[in-house]
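Here are some exercises to work through with the structure open beside you. Try each task before reading its solution.

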Amino acid sequence: MASDTPESLMALCTDFCLRNLDGTLGYLLDKETLRLHPDIFLPSEICDRLVNEYVELVNAACNFEPHESFFSLFSDPRSTRLTRIHLREDLVQDQDLEAIRKQDLVELYLTNCEKLSAKSLQTLRSFSHTLVSLSLFGCANIFYEEENPGGCEDECLVNPTCQVLVKDFTFEGFSRLRFLNLGRMIDGVPVESLLRPLNSLAALDLSGIQTSDAAFLTQWKDSLVSLVLYNMDLSDDHIRVIVQLHKLRHLDISRDRLSSYYKFKLTRKVLSLFVQKLGNLMSLDISGHMILENCSISKMDEEAGQTSIEPSKSSIMPFRALKRPLQFLGLFETSLCRLTHIPAYKVSGDKNEEQVLNAIEAYTEHRPEITSRAINLLFDIARIERCNQLLRALKLVITALKCHKYDKNIQVTGSAALFYLTNSEYRAEQSVRLRRQVIQVVLNGMESYQEVTVQRNCCLTLCNFSIPEELEFQYRRVNELLLSILSPTRQDESIQRIAVHLCNALVCQVDNDHKEAVGKMGFVVTMLKLIQKKLLDKICDQVMEFSWSALWNITDETPDNCEMFLNFNGMKLFLDCLKEFPEKQELHRNMLGLLGNVAEVKELRPQLMTSQFISVFSNLLESKADGIEVSYNACGVLSHIMFDGPEAWGICEPPRGEVEERMWAAIQSWDINSRRNINYRSFEPILRLLPQGISPVSQHWATWALYNLVSVYPDKYCPLLIKEGGLPLLRDMIKMATARQETKEMARKVIEHCSNFKEENMDTSR
């Protein structure tokens, strides 16, 4: 079962402070620059969290606005202490690092910060005496500087880059640096001379960097415990260097198998060398490699019985010489992952759910190209089989979508996987907080990626949630996104259908304030445009019917939206649809339901008082479409118009008396036990027709409506009628001389039904 543990006080306070910087931690200097209040002193635990959460909010919460001078809050180490910070994407610029240059940073991770230039290289020197861990992964421009800064303005107009590669920077003076990630550094950076001053590196990541001579790595043969050479074009010379690094505990020589320029093939001899020479090895990743020779034993020679991680039973022959099972073995997209006995506690691969989840977990941060393919495998598992590690799978996909919100492949595969991972089969296993995280990343995807497949997947995933309840915490945002999807008149049909369905569900069971707010966003106009487009194409499909249904829901007891419907030619569209699609019963019901809402607004009723409209409503009294619904709603519209009295009947044709007679005849033709396709949240519009003598037929329609609803759905409507004071109004009506006898008889039956309901449901327990 799902566990809904609340957020920690630290998390809540951090989030609040970051969303209200000006009112909590700082103040604005010159209305622009943030400054920390002089009486605030924050330890490193809080400062690190503030910065890291800020980065998370900027990248994951599209409704969070970054502040240009945020990092200036941490400019003075006497009042704030930063030690371990992780910054990513375009959020970070040169001036941000410059703002915190006086801090004694121990750990600085810069991931895909493409706006950083060589100015930040100089800022890094400020941290040289304290820095232990540094990542410059994907910071492609940090080794570029402006050529002749300040002196190439004319040339820059033609060539805006005006940049040259910095080749004289080294890590001289970074005496404490032990962990360094230079993954995906641009070509041309002299890696060997850059790293030479570092005497005792323990971990080095050179992912994607090509170097023909790796001999320089041997200078750390007595200290290097982790080496990552992902997507490096290896050779036998590289292998000879690697096996000299005898302290290695983690070695990653994996590759992206879809990259075609790799010549190196992994052999049994190479794997045997790793086992023999690297005795401390605990983690090895050889994902994506083609195995030149047969490294596995035959099926016949495999040990029978339960799957074993014991090296002596290993199906991978060279690994039988291991002294102990590996902690991790990366075999994603290799044939080896499908073997029976693999000597590792954790394996990444594509054989089963466990291996796939391990792959997503291992590669999400730095290898989106691999992660997207692993998530695609998870999608197949969730779609065809049952996902056994649901919570882990959901959290990993959420993390990947947050981490790579501009990566098309991850957004497509991730949003598709979420659809299957959030369906009703798994609902009980998911906490409210986790489902909210899903909603957040889905909305982020819709907001930042306009690709058709992503939009469709995201809309479908939202359909797995209870609407509007589970979406209410993001109510405005989700409506804005759906309306933006629907605004182009030429749109993918499937997305249009799902988005209109969601819009309808979102306005179906919410209060009037929500409906008014959504109406002001352009909801009514958007639906009318969709209807107009379908009319032009002479198509009455689900989009057309859902659009009218959505208008019916959003105008319920919401006069502003009703007025908007009239102002934007809604009545013309009503008449045109009626003429173009005379046999579409559900369409007629939805349209008449909407007009019933309009007719409830006294100020708008004069706009319905035309010969054309009254004739149409009168003719629909005899409609048998959708049971009694069309006839009932047409009668409801006319009942409210009649309620305004004879003096408001400003037309000659049809005469008021004739319409009244047709209304009486229609009501008498209805079966009082008819089951209804309608949902009343309040009886107020009906009850206001009871205490009056100006229109007995309106009084009768209102009484019939109450009688039908309390008879067929007593559990729902008896309490509502009692709560809203309907019984005293019915009793008063029975005493009225103007009320018809048949109306009074029906009123007595309504009172009797509700009285019996009260007695049956009276609590007699002590």
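**Exercise 1. Work out how the lining of the largest pocket splits by class, and where that lining comes from.**

Let's start with the classes. The lining of the largest pocket holds 17 nonpolar, 13 polar and 14 charged residues. Here Ala, Val, Leu, Ile, Met, Phe, Trp, Tyr, Cys and Pro count as nonpolar, Asp, Glu, Lys and Arg as charged, and the others, Gly among them, as polar.

A word on what you're looking at: this is a predicted model, where local features need pLDDT of at least 70 and side-chain atom pairs count only at pLDDT 80 or more, while totals for chains, interfaces and linings use all residues. Residues are numbered from 1 along each chain as its sequence is written, and side-chain values use heavy atoms, with hydrogens and water left out.

Next, the residues themselves. The lining has 44 residues, and E7, E53, E56, K402 and Q437 lie nearest the pocket's centre. The largest share, eight residues, comes from α2. At least two residues each come from α1 (9–19), α2, β3, β4 (107–111), α9 (353–363), α11 (390–403) and α13 (432–448). These names are DSSP runs numbered from the N terminus: helices (H or I, at least four residues) and strands (E, at least two).

Last, the volume: the largest pocket has about 1,500 Å³ of space. On a 1 Å grid over the protein atoms alone, a pocket is an open set of points with protein on both sides within 12 Å along at least five of seven lines, whereas a cavity is a set where a 1.4 Å probe fits but cannot get out; lining residues have an atom within 4 Å of a point. Grid points are joined across faces, edges and corners, and a volume is the space filled by probe spheres set on the points.

**Exercise 2. Find the cavities and list what lines the largest and the second largest.**

Count first: there are three cavities of 30 Å³ or more.

Take the largest, with about 50 Å³ of space. Its lining is Y230, S254, R255, S287, G288, F332, E333, Y363, R367 and I370. By class, that gives four nonpolar, three polar and three charged residues.

Now the second largest, at about 40 Å³. Look for M232, L234, I253, S254, R255, Y262, F264 and H289 around this cavity. This lining has five nonpolar, two polar and one charged residues.

**Exercise 3. Describe the largest nonpolar core, then see how α20 is packed.**

Begin with the core's best-connected members: among its 157 residues, W548, F565 and F574 touch the most other members. A nonpolar core is a set of buried Ala, Val, Leu, Ile, Met, Phe, Trp, Tyr and Cys residues joined through side-chain atoms within 4.5 Å. Buried means under 20% relative accessible area, exposed over 50%, and partly exposed in between (1.4 Å probe, protein chains only).

Then zoom in on W548. Beyond residues up to four places away in sequence, W548 touches I531, F565, G570, L573, F574, C577, L587, N590, M591 and L594. Touching, or contact, means heavy atoms within 4.5 Å.

Move on to α20 (residues 559–567), where the buried residues are N561, C562, M564, F565 and L566. They pack against α17 (512–520), α18 (523–536), α19 (542–554), α21 (570–580) and α22 (585–599).

Finish just past that helix. N569, in the loop between α20 and α21, has a positive phi near 65° and is not glycine. N569 counts as exposed because its relative accessibility is 51%.

**Exercise 4. Is T83 buried or exposed, and what does its side chain contact?**

Locate T83 in the loop between α2 (44–60) and β3 (84–88). T83 counts as buried because its relative accessibility is 18%.

Now its partner: the T83 side chain makes a polar contact with the side chain of D48 at 2.6 Å. A polar contact is a pair of N or O atoms within 3.5 Å; within protein, one must be able to donate a hydrogen and the other to accept it, and residues adjacent in sequence count only if both atoms are side-chain atoms.

**Exercise 5. Where are the cis peptide bonds from I467 to P468 and from E653 to P654?**

The I467 to P468 bond is cis, with omega near 10°. P468 sits in the loop between α14 (452–462) and α15 (475–486).

For E653 and P654, the cis bond has an omega of about -10°. P654 belongs to the loop between α24 (629–642) and α25 (656–669).
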